[in-house]
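The exercises below concern domain packing, salt bridges and backbone geometry. Work through each task before reading its solution.

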Amino acid sequence: MKLPYAEPYRIKMIEEIHQSEPEQRKNWIKNAHFNLFNLKSSQVFIDLLTDSGTGAMSDKQWSALMSGDESYAGSRSFDELHQTVKTLTGFPFLLPTHQGRAAENILFSVLVKDGDFIPGNSHFDTTKGHIEMRKAHAIDCTIEKAFNVDDLFPFKGNIDLNKLEDVYKNNPKEKIPFCLITITCNSSGGQPVSLENIKAVKKLSDQYGIPVYFDAARFAENAYFIKTREKGQENRTIKEIAKEIFSYGDGMTMSSKKDGLVNIGGFIALNNEKVFQEASNFTIIFEGFITYGGMAGRDMAALAVGLNEATEFEYLESRISQVEYLGKKLMEYGVPIQKPIGGHAIFIDALKFLPHLKREEYPAQTLGIELYKEAGIRAVEIGTLLADRDPETRENRYPKLELLRLAIPRRTYTNNHMDYIAVALKNVFERRNEIKSGYKIIWEPAILRHFTVKLEEV
């Protein structure tokens, strides 16, 4: 008899979490102005708001924390991180930052100007925010299959080459500072980009003289899908695939709180020394000296270990298998999700779950609130709230997908937690017709509204 799968780790430390009563949750979410970001962690039983910085570190990472070199300049921990990043990516220049959006802020301060066009595959919220606050334009060139949740195409994060070439043909070269490939593509459902597509984007971009950069927060998960889904890649290691991915780019930004397996940190890695020198100035202004940026030495030491752990197949198989386990449970219960199942999260199709709600009543946010009230589970809306307003017309933007994301922290919850989540959603799904209306905005900031927006019931 074949032995069943078992996780390649054992638990060494636990953190208590506590369940609450439905009436408590109803009051808490109302007091939070129906914004799940405003809830206190003590009011949440299972927290799926994000997989960013919420995972568990290994014993080797905790050991590395103790050996961190906190020197202001020339830290040994920086050298360790620099060598690790160079080995994994091939990029010779490194600038640490406190997290991914800081890396975007620094790099875009160098590269993005008023009126520029930045094509890519479904730019994430902070990425689009950094582009639009500079009065530039994020152009979504994702393949159309990404917007059909039932299509089983294995690489729905791919860039449509015809869409991309239209951007290149119809705009001056000097107004297109780079093409951005997000791996995996979070906004389209945690979907991977194929190695074939990355090569093709690089070839097309070279023809027009446009650099290629990566938003690489989940690059290891993307490499896992290339290994397991793309023909001819099955016998390669994750590290080999990752190295080839980055060989087709000019640089990358990284939120290390995802595939770096740490609770804080990020970095920029580059090929171009001129861009590195300009970015170094912004790093010193915004973050700190160039050999620590926004990071403590101990955190750089833990990150160097985490990057190596995250690019091992056994870890990735465990991580992605758990996400798949939850997705299959939900499909058994008839809950509509983005398929195929992605790397870091399950994305529920709120338009199919709550088809009777108007888009302007924010169906995905409504579903997230109902899930919290049902079971104390916090998820996040990837839909109309996150899409924000058009910066010129100030009208709501209605994306093709209206999703509720269940982001699974790394090495944190067990499959018993996944079963609990699945049953909670099943219960909400069975009473979905009782949810008669959604929410309206009573206050919002000028940009990135979903973090701090205030809502009330319609």
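**Exercise 1.** How many residues of domain 1 are in contact with how many residues of domain 2?

*Solution.* Start with the basis. This is a predicted model, in which local features need pLDDT of at least 70 and side-chain atom pairs count only at pLDDT 80 or more, while totals for chains, interfaces and linings use all residues. Residues are numbered from 1 along each chain as its sequence is written, and side-chain values use heavy atoms, with hydrogens and water left out.

Step 1: assign the domains. Domain 1 covers 22–51 + 313–457 and domain 2 covers 59–310; the bounds come from an automatic or database domain assignment. Taken over C-alpha atoms, their centres are 26 Å apart.

Step 2: apply the contact criterion (heavy atoms within 4.5 Å). The result is 33 residues of domain 1 against 43 residues of domain 2.

**Exercise 2.** State what area domain 1 and domain 2 bury between them, and describe the polar and charged pairs across the interface.

*Solution.* Step 1: take the buried area, which is the accessible area (1.4 Å probe) that two parts lose on being put together, summed over both. For domain 1 and domain 2 it is about 3,000 Å², with 58% on carbon and sulfur atoms.

Step 2: count salt bridges (a side-chain nitrogen of Lys or Arg within 4 Å of a carboxyl oxygen of Asp or Glu). There are nine between the two domains. Glu-132 and Arg-397 form a salt bridge through their side chains, at 2.8 Å from N to O.

Step 3: count polar contacts. The criterion is a pair of N or O atoms within 3.5 Å; within protein, one must be able to donate a hydrogen and the other to accept it, and residues adjacent in sequence count only if both atoms are side-chain atoms. Across the interface, 23 residue pairs qualify, both residues being at pLDDT 80 or more.

**Exercise 3.** Find the salt bridge partner of Arg-218 and explain what the pair ties together.

*Solution.* Step 1: a search of the whole structure gives 33 salt bridges. In one of them, Arg-218 pairs with Asp-51, with the closest N and O atoms 2.8 Å apart.

Step 2: place both residues, with helices (H or I, at least four residues) and strands (E, at least two) taken as DSSP runs numbered from the N terminus. Arg-218 is in the loop between strand E6 (212–215) and helix H8 (219–229), and Asp-51 is in the loop between E1 and helix H2 (59–66), so the pair ties together parts 167 residues apart in sequence.

**Exercise 4.** Which peptide bond ending at Thr-184 is cis, and where is Thr-184 found?

*Solution.* Step 1: the bond from Ile-183 to Thr-184 is cis, with omega near -20°. Step 2: Thr-184 is in the loop between strand E5 (179–182) and helix H7 (195–208).
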